[in-house]
Amino acid sequence: MAELINSLTQLCGGQREEWEPVSRWAIGAWLVFYTWFLLYAFRMHGAYLFIDSANLVVHEGGHMLFSWFGQTLCLWGGTILQWAVPFLLAAYFFYQRQVTAFVFCLFFFFENWLYTATYMADARAMVLPLVTAGDSDFIEHDWHAIFSSLGVLQYDTAIAAVVRTLGWCGMLACIGWLASRARSTSQA
């Protein structure tokens with residue numbers, strides 16, 4: 001992941017600035033937090049996590065924001081904004097070279113994939129309780145509608161499994177990169 005981040009910096013044409021220094025103690029504390037969160041998320045086996053309340057608010061806001069651009073973008077807008085907010089924050093902190101803020105936002109960008117995967121896996125069964133910020137008489141299961149329109153509804157759980165796996169891999173990569181920062185801090 002370090003090579004990817006370094007190549008992204010060079011692609012952006014920017015000078016390779018050093019990351020803001022972070023003490024090994026701070027990195028250690030963050031690593032403990034992320035490890036605790038991963039254990040918590042793993043133990044929940046795809047159930048609703050405490051952070052998902054924040055994800056839900058952003059998701060519903062995405063539907064309202066993108067409703068201005070038509071039905072299709074309104075439908076996709078929840079997930080688009082839900083993924084875009086932490087990703088854009090991560091990009092900002094990457095640009096600012098702030099290690100802990102970058103990792104935090106990127107980690108929760110990938111955590112959103114677990115939340116999305118749970119919703120995707122429910123596309124055929126449609127047993128999850130649905131929430132809307134709009135008309136309560138018109139509640140639609142986003143991923144049932146999306147997968148139906150794409151003709152892949154029968155693959156909902158397989159697609160969800162891939163998204164969930166990518167989310168876990170992304171979170172683990174974030175932790176690995178942060179741990180590598182601790183090693184490079186100790187060598188400096």
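**Figure 1. The overall fold, helix by helix.** Starting at the N terminus, the elements of the protein chain follow the order α-α-α-α-α-α-α. That gives 7 helices and 0 strands. Please keep in mind as you look around that this is a predicted model. Of the 188 residues in the protein chain, 39% are buried.

**Figure 2. A close-up of the largest pocket.** Here we look into a pocket that holds about 650 Å³ of space. Its lining has 28 residues, and those closest to the pocket centre are Glu60, His63, Tyr119, Val131 and Asp142. Helix H3 (52-66), H4 and helix H5 (99-121) each bring at least two residues to the lining. H3 has the largest share, with 6 residues. Sorted by character, the lining residues of this pocket are 15 nonpolar, 8 polar and 5 charged.

**Figure 3. The salt bridge between Asp156 and Arg124.** The structure holds 1 salt bridge, and this view is centred on it. Asp156 pairs with Arg124, and their closest N and O atoms are 2.6 Å apart. Asp156 belongs to helix H7 (residues 156-187), while Arg124 sits in the loop between H5 and helix H6 (142-150), so the pair ties together parts that are 32 residues apart in sequence. The two partners can also be described by their exposure. Asp156 has a relative accessible area of 1%, so this residue counts as buried. Arg124, with a relative accessible area of 43%, is partly exposed.

**Figure 4. A nonpolar patch on the surface.** Trp68, Phe69, Leu73, Trp76, Ile80 and Leu150 make a nonpolar surface patch of about 660 Å². Helix H4 (residues 71-96) gives the most to this patch, with 3 residues. If you would like one residue to start from, try Leu73, which is found in helix H4. Its relative accessibility is 34%, and because partly exposed residues fall between the 20% and 50% limits, Leu73 is placed in that class.

**Figure 5. Gly28 and Ala182, far apart along the chain.** This last view shows a pair of residues 154 residues apart along the chain: the C-alpha atoms of Gly28 and Ala182 are separated by 7.7 Å. Gly28 lies in helix H2 (residues 24-44). With a relative accessible area of 28%, Gly28 is partly exposed.

Conventions. Residues are numbered from 1 along each chain as its sequence is written. This is a predicted model: local features need pLDDT of at least 70, side-chain atom pairs count only at pLDDT 80 or more; totals for chains, interfaces and linings use all residues. Side-chain values use heavy atoms; hydrogens and water are left out. Patches are made of residues with over 30% relative accessible area and no salt bridge: like charges are joined within 9 Å, nonpolar side chains (Val, Leu, Ile, Met, Phe, Trp, Tyr) within 5 Å. Accessible areas come from the Shrake-Rupley method with a 1.4 Å probe; for residues, only the protein chains shown count as cover. A salt bridge is a side-chain nitrogen of Lys or Arg within 4 Å of a carboxyl oxygen of Asp or Glu. Helices (H or I, at least four residues) and strands (E, at least two) are DSSP runs, numbered from the N terminus. Buried means under 20% relative accessible area, exposed over 50%, partly exposed in between (1.4 Å probe, protein chains only). On a 1 Å grid over the protein atoms alone, a cavity is a set of points where a 1.4 Å probe fits but cannot get out, and a pocket is an open set with protein on both sides within 12 Å along at least five of seven lines; lining residues have an atom within 4 Å of a point. Grid points are joined across faces, edges and corners, and a volume is the space filled by probe spheres set on the points. Ala, Val, Leu, Ile, Met, Phe, Trp, Tyr, Cys and Pro count as nonpolar, Asp, Glu, Lys and Arg as charged, and the others, Gly among them, as polar.
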